[in-house]
Amino acid sequence: MQFFKRKSKPQTDAEYIEAYQVSGDLNVLGELYERNMEMVFAVCYKYLRDEEESKDATMEIFEQLIGDLKKHQVSNFKSWLHSVARNYCLMQLRSRKIEVGGLEISEDDFVENEPFMHLIDDEVDLEGDLQKLENCIGKLEREQKSCVELFYLQEKCYKDIADQTGFDLNKVKSYIQNGKRNLKICMEKNQ
């Protein structure tokens, strides 16, 4: 009579990845993904700004992982998964077409509407990060603050911001770019 030593259930992300790569068991991958699904949804919602679309993206990213984790060696799963989710959403946004006055314009014609910071921690403190961001926005120069809020928070295009503020179009672009840089510096100081 032969006794088999039963392998213990994976505990760490690395153990889950190894178990999935060896066995191909989707249940193992499902357990790993379930531990990180809330973070993936949050990333998707931040970019896509639609709950149903973000739920669909979260499921499609899982399907993408089935093949990706067999091909890639991943040392920091949360960080890697965050990047996969962000890139997936950016590709979704880039593929959309917008019609303006009969002309078809793709998202590539605009500055990438990317979050100011990608904070990847074991626990993501969204409320604290939003408070820091709000404080940093308050420290911007008046012109930068106005343009950044209109562009990122109200999702206005450069032309609408120029019309609304009376700033030259090139000044609007400059205020947004400099404001974004100043926000990043401020957020990094407050880490």
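Two residues are taken to be in contact when heavy atoms of theirs lie within 4.5 Å. On this basis, and in what is a predicted model, 58% of the contacts in the protein between residues at least 6 apart in sequence join residues that are at least 24 apart. The protein has eight helices and two strands, and these elements follow one another along the sequence in the pattern α-α-α-α-β-β-α-α-α-α. Of its 191 residues, 34% count as buried, while the area that the protein exposes comes to about 12800 Å², of which carbon and sulfur atoms supply 47%.

The packing of helix H3, formed by residues 51-71, against helix H4, formed by residues 77-95, was examined in detail. Two packed helices are described by the angle between their axes and by the distance between the axes. For H3 and H4 the angle is about 120°, and the axes are 11 Å apart. Because an angle of this kind falls outside the ranges counted as roughly parallel, roughly antiparallel or roughly perpendicular, H3 and H4 are oblique to each other. The crossing in which H3 passes H4 is right-handed. On the side of H3, the contact is made by Ala57, Glu60, Ile61, Gln64, Leu65, Asp68 and Leu69, and on the side of H4 by Phe77, Trp80, Leu81, Val84, Ala85 and Tyr88. Sorted by class, the residues in the contact of H3 with H4 comprise ten nonpolar, one polar and two charged.

Two residues of helix H2, Tyr33 and Asn36, were considered next. Tyr33 has a relative accessibility of 2% and therefore counts as buried, the cut-off for a buried residue being under 20%. When its neighbours within four places in sequence are left aside, Tyr33 is in contact with Val40, Thr58, Met59, Ile61, Phe62, Leu65 and Leu81. Of these partners, Ile61 and Leu65 of H3, together with Leu81 of H4, also take part in the contact between those two helices. Tyr33 and Phe62 are 29 residues apart along the chain, yet their C-alpha atoms are separated by 7.1 Å.

Asn36 is found in helix H2, which is formed by residues 26-48, and its relative accessibility of 3% means that Asn36, too, counts as buried. With neighbours within four places in sequence again left aside, Asn36 is in contact with Asp13, Phe77, Lys78 and Leu81. Among these partners, Phe77 and Leu81 belong to the H4 side of the contact with H3. Leu81 is thus listed as a partner of Tyr33 and of Asn36.

Methods:
Residues numbered from 1 in each chain as written. Predicted model: local features only at pLDDT ≥ 70, side-chain atom pairs only at ≥ 80, totals over all residues. Heavy atoms only, no water. Helix = DSSP H or I, 4+ residues; strand = E, 2+ residues; numbered from the N terminus. Buried < 20%, exposed > 50% of the residue type's maximum accessible area, 1.4 Å probe, protein only. Areas by Shrake-Rupley, 256 points an atom, 1.4 Å probe, with all protein chains shown as cover. Axes fitted to C-alpha atoms, helices over the stretch in contact; angles between N-to-C directions. Parallel < 35°, antiparallel > 145°, perpendicular 65-115°, else oblique. Left-handed = near helix turned anticlockwise from the far one by under 90°. Nonpolar A, V, L, I, M, F, W, Y, C, P; charged D, E, K, R; others polar.
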